[in-house]
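Please open the model in your viewer and keep the sequence panel beside it, since each stop on this tour begins with a selection. The stops move from a single residue outwards to the whole chain.

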Amino acid sequence: MNAGETQRTPWIVGVSGASGTPYAAAVLRALLAAGESVDLVVSRASRLTLLDETGISFRDAHWQEDLRHWLARGADGKPGTFAVDLDGVRYWNAGDLAAGPSSGSYPAKGMLIVPASTACVAGVALGLSKDLLQRTASVTLKEGRKLVVAVRETPLNGQTLRQLVALDEAGATVLPASPAFYAGATHIQDLVDFVAGRVLDAAGVPHRLYRRWEGELGGGSRTT
């Protein structure tokens with residue numbers, strides 16, 4: 001980097017194999033809309049979920065084309081719902097344990113795992129680092145950076161609950177993917193955007209994804 005250049009410091013977004021790929025898409029769109037740089041890690045299991053939920057195959061050799069197709073899609077499955085600009089995105093293969101985010105010296109603001117499966121939660125809590133997603137999460141914790149884990153599973157057994165407590169004690173923010181209805185949701189995208197907005201709130205990234213509570217009952221039932 002030449003003198004005077006601004007260092008690229010991205011948010012790392014990890015997508016695990018849990019159901020909930022629309023949550024990841026909403027978070028990615030909002031980060032880019034906020035002018036943030038993004039490093040993306042898509043696990044092997046999440047590719048199967050993405051294919052099942054959207055019909056989109058995520059391919060390393062064509063990641064930009066596939067990511068653009070994914071992010072343009074609405075939560076209701078309608079293609080071409082959103083305009084997408086991928087200039088701020090860098091993609092890393094989940095099997096590449098020599099990738100930039102695998103090292104604490106790699107500059108990053110933090111990491112958002114959206115959605116986080118129980119297998120991912122276990123791997124991060126136990127420090128297994130079996131792939132780049134888990135390794136990056138471990139690096140994020142050891143460097144004292146923000147880690148948001150948007151767990152998407154129900155019900156939760158005792159083992160997973162203990163692992164979530166361990167992540168909380170290690171400094172992570174455990175954020176269940178639980179939509180709320182007080183914001184006046186009228187569409188599935190509204191519910192998805194609420195969860196994505198709460199993820200960004202935890203990361204400290206500004207957004208306008210949902211109507212915030214203002215202390216007035218009945219506000220969510222109003223039509224605007």
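Select Ala 137 to begin, which in this predicted model lies in helix H5, residues 132-142. Is Ala 137 buried or exposed? With a relative accessibility of 0%, Ala 137 counts as buried. If you display its surroundings and set aside residues up to four places away in sequence, you will find that Ala 137 touches Met 111, Ile 113, Val 124 and Leu 147. For a sense of distance across the model, add Glu 36 to the selection: 101 residues separate Glu 36 from Ala 137 along the chain, and their C-alpha atoms are separated by 19 Å.

Next, bring up the strands. Six of them form an open sheet, to be read in the order S3-S2-S1-S4-S5-S6, and the pairing is parallel. Strand S3 (89-93) and strand S6 (173-174) stand at the edges, and because each has a single partner strand, one side of each is left without a neighbour in the sheet. Strands of a sheet pair through backbone hydrogen bonds, in either a parallel or an antiparallel manner.

Within the sheet, select S4 (residues 110-116) together with S5 (residues 146-151); these strands run parallel and are joined by five bridges. One pair to label is Leu 112 with Val 148, the latter being the bridge partner of Leu 112 in S5. Helix H4, residues 118-126, packs on the sheet here and touches S4 and S5, its direction making about 145° with that of S4.

Now move to S1, residues 11-15. Which strand is joined to S1 by five bridges? It is S2, residues 38-42, and the two strands run parallel; within this pairing, Ile 12 stands opposite Asp 39 in S2. Colouring S1 by side chain direction is useful, as both of its faces are covered: Trp 11, Val 13 and Val 15 are buried on one side, and Ile 12 and Gly 14 are buried on the other. Five of the five residues of S1 are buried, so the strand is largely enclosed by the rest of the structure.

From S1, select Ser 46, which is found in helix H2, residues 44-54. Leaving aside neighbours within four places in sequence, Ser 46 is in contact with Val 15, Ser 16 and Gly 17. Ser 46 is buried, its relative accessible area being 1%.

The following stop is H1, residues 21-33. Eleven of the 13 residues of H1 are buried, so this helix is largely enclosed by the rest of the structure; among them are Thr 21, Tyr 23, Arg 29 and Leu 32. The end C-alpha atoms of H1 are 18 Å apart, which agrees with the 18 Å that its 13 residues should span at 1.5 Å a residue. After H1 comes Gly 35, whose phi is positive, near 85°.

Continue to H7, residues 188-203, which lies across S1, S4, S5 and S6 and runs at about 160° to S5. H7 has 16 residues and reaches 23 Å from its first C-alpha to its last, close to the 22 Å expected at 1.5 Å a residue. Its buried residues include Val 192, Phe 194, Val 195, Val 199 and Leu 200, together with Gln 189 and Asp 193. What covers the buried residues of H7? The cover includes S1, H1, S4 and S5. Just after H7, select Gly 204, which takes a positive phi of about 80°.

Finally, zoom out to the whole protein, whose secondary structure comes to seven helices and six strands. Read along the sequence, these follow the pattern β-α-β-α-α-β-β-α-α-β-α-β-α. The radius of gyration is 17 Å, close to the 17 Å that the globule rule gives for 224 residues, so the protein is as compact as a globular protein of that length. Its C-alpha atoms fill a box of roughly 50 × 40 × 40 Å along the principal axes. Of the 224 residues, 48% count as buried, and the protein exposes about 11100 Å², of which carbon and sulfur atoms supply 50%. Among contacts between residues at least 6 apart in sequence, 71% join residues at least 24 apart.

Terms used. Residues numbered from 1 in each chain as written. Predicted model: local features only at pLDDT ≥ 70, side-chain atom pairs only at ≥ 80, totals over all residues. Heavy atoms only, no water. Pairing = 2+ DSSP bridges. Helix = DSSP H or I, 4+ residues; strand = E, 2+ residues; numbered from the N terminus. Contact = heavy atoms within 4.5 Å. Axes fitted to C-alpha atoms, helices over the stretch in contact; angles between N-to-C directions. Expected span 1.5 Å × (residues − 1). Buried < 20%, exposed > 50% of the residue type's maximum accessible area, 1.4 Å probe, protein only. Rg over C-alpha atoms; globule rule 2.2 N^0.38 Å. Areas by Shrake-Rupley, 256 points an atom, 1.4 Å probe, with all protein chains shown as cover.
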